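User: Could you take a close look at one part of this model for me, the surroundings of the ligands, and then fit that into the overall fold? Keep it relaxed, but give me the cut-offs as you go.

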Amino acid sequence: MKLRAPVVRSLCTDCGVSRMADPSACGNACQFIKPNYPMMEQAAHGRSRKGGDELFFGPFQGMHRARMVKPLDGAQWTGITTSIAADLLKAGKVQAVLTMVSDSNDRWKPKPALITSASDMDRARGMRMGFAPLLALLEEAQARRFSRLAVIGIPCQIYALRKLEDQLGLDRLYVIGTPCSDNTTTENFHRFLSLLDTNPDNINYLEFRADYHVELRYYDGRQRVIPFLQLPISELPSDFFPLTCRTCVDYTNVLADITVGYMAGEGDQWVIVRNERGAEMLAGLGEKISLQPIKSHGKRQAAVKGFIANTARAAGGLPIRRMPRWVRPIVSWLQPRIGPRGLEFARTRVEMKAAETILHLRHTLPSKMKNMIPNHVWEIASRYNLKPLTGERLDKSENE
Ligand SMILES: Cc1cc2nc3c(=O)[nH]c(=O)nc-3n(C[C@H](O)[C@H](O)[C@H](O)COP(=O)(O)OP(=O)(O)OC[C@H]3O[C@@H](n4cnc5c(N)ncnc54)[C@H](O)[C@@H]3O)c2cc1C
Ligand code: SF4
Ligand code: SF4
């Protein structure tokens with residue numbers, strides 16, 4: 001099926017809705033207009049988030065540190081995400097999985113695909129950087145009369161999917177989410193790779209690890225690890241990350257049935273089971289997955305405060321690094337040893353993201369703040385004295 005051209009909108013990650021027969025559906029579906037998380041959480045999970053860790057990560061039944069007992073070749077981490085989907089296909093619970101594969105000309109460019117056999121799920125493994133119109137293929141799924149579907153997506157795609165869910169006429173929908181932050185266009189990402197290596201085409205894997213290092217892998221089997229503080233961030237243009245991804249309000253994919261990430265995993269993966277369907281998917285992996293309790297170490301406040309000060313100074317662009325060059329290797333060595341780890345690292349990142357959303361929107365698009373920033377983001381940021389100015393927040397009654 002040939003994809004329609006997108007309708008260009010100012011805040012848009014081309015999730016695919018604007019390419020569907022009725023592009024005006026964006027008005028209802030889009031995360032970047034006036035998201036209503038309490039209502040959407042209620043619809044997806046039967047309840048909205050409570051306090052405690054749900055304030056940061058959304059509703060959940062349980063969380064695990066996890067890994068596939070036999071990690072899968074080509075997977076971003078150990079392949080839990082694609083294994084869950086493969087299991088659904090194998091068990092006949094779904095007829096197709098809607099997800100991303102790589103563009104045939106560029107390993108880093110995502111391309112949406114409907115996968116119908118478990119063995120084909122290996123094509124989806126691994127992370128790509130960029131945007132591609134995942135949800136436009138819901139129309140192809142309808143044309144092929146798939147009534148039981150699984151979707152793997154990042155938060156802005158899953159928000160729109162949940163908004164459209166009732167009108168898809170599906171008998172069953174399984175939603176597998178990954179966290180997402182700091183996405184950018186595939187073209188920008190290629191620029192970043194070329195700053196990391198003189199031969200960027202040899203790189204076939206990149207990950208921002210929870211131990212404050214970026215890991216690179218190469219087609220010839222080499223591996224390289226770079227501390228965050230030694231990344232060439234100051235050499236990137238200030239619009240390297242699109243405003244959508246600097247102001248996105250759902251880091252951990254709170255509307256998925258199950259979220260598979262790594263932030264609280266301390267070197268392993270992090271699985272958040274949000275509802276019964278999520279629990280069913282995890283159970284499907286049986287002995288193939290190893291599950292352990294999540295732990296939490298360190299204190300996040302100083303790291304978040306420093307990040308907020310940098311972000312405020314950068315005034316809408318990338319946080320600037322004021323640390324002298326010679327100090328960076330020492331701090332890089334110290335960070336994984338004394339910095340927040342496990343669940344505390346995940347809370348740190350969610351708090352940073354909440355602050356980023358507020359500061360970047362206040363600087364660039366203040367008129368959007370009232371509708372775009374949900375109450376839970378204000379609540380998360382309030383402990384750092386980031387409070388709404390007049391007109392920046394909806395009354396509680398307007399958000400329900
Ligand atoms: C841009 C981006 C940023 C991320 N940032 C974080 C983060 O900050 N913290 C965190 O815990 N996790 C993050 N993740 C998720 C993380 O990289 C892993 O995808 C996740 O931990 C699952 O690993 P896995 O081995 O189970 O995945 P695999 O089994 O290898 O499966 C990966 C799945 O992700 C899909 N996918 C890959 N690229 C994209 C894309 N561009 N758009 C949509 N879907 C895609 C694939 O189609 C596949 O289904 C991010 C993912 C992306 C795409
Ligand atoms: S719903 Fe999707 S396609 Fe429409 S404006 Fe939002 S991100 Fe773009
Ligand atoms: S950071 Fe947010 S807006 Fe950007 S691609 Fe990821 S989920 Fe979408």
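Analyst: The radius of gyration here is taken over C-alpha atoms, and the globule rule is 2.2 Å times the number of residues to the power 0.38. With 400 residues, a compact globule would come out near 21 Å, and the protein chain has 20 Å, which agrees. Keep in mind that this is a predicted model: local features need pLDDT of at least 70, side-chain atom pairs count only at pLDDT 80 or more, and totals for chains, interfaces and linings use all residues. Residues are numbered from 1 along each chain as its sequence is written, while chains are lettered from A and ligands numbered from 1 in the order in which they are written.

Now for the ligands. Around ligand 3 (near means a C-beta atom, placed from the backbone, within 6 Å) sit Thr13, Ile154, Pro155, Cys156, Cys180, Ser181, Asn183, Thr244, Cys245 and Cys248. The elements giving two or more residues to that shell are α6 (155–164) and α8 (243–246); helices (H or I, at least four residues) and strands (E, at least two) are DSSP runs, numbered from the N terminus. By class, the shell around ligand 3 has six nonpolar residues, four polar and no charged. Here Ala, Val, Leu, Ile, Met, Phe, Trp, Tyr, Cys and Pro count as nonpolar, Asp, Glu, Lys and Arg as charged, and the others, Gly among them, as polar.

Helix α6 turns up again at ligand 2, where α6 and α1 (26–29) each supply at least two residues of the shell. That shell holds 13 residues, the closest being Cys12, Cys15, Ser18, Cys26 and Cys30. Nine of the shell residues of ligand 2 are nonpolar, two are polar and two are charged.

Stepping back, the protein chain has 14 helices and 13 strands. An automatic or database assignment sets the domain bounds: domain 1 (17–181 + 250–293), domain 2 (185–240) and domain 3 (295–400). The C-alpha centres of domain 1 and domain 3 are 25 Å apart, and their contact (C-beta atoms, placed from the backbone, within 7 Å) takes 18 residues from each of domain 1 and domain 3. On the domain 1 side, α2 (37–45) and α3 (53–57) each supply at least two residues.

One last helix: α12 (residues 343–364) has 22 residues and spans 31 Å from its first C-alpha to its last, close to the 32 Å expected at 1.5 Å times one less than its number of residues.

Note on methods:
Contact = placed C-beta atoms within 7 Å.
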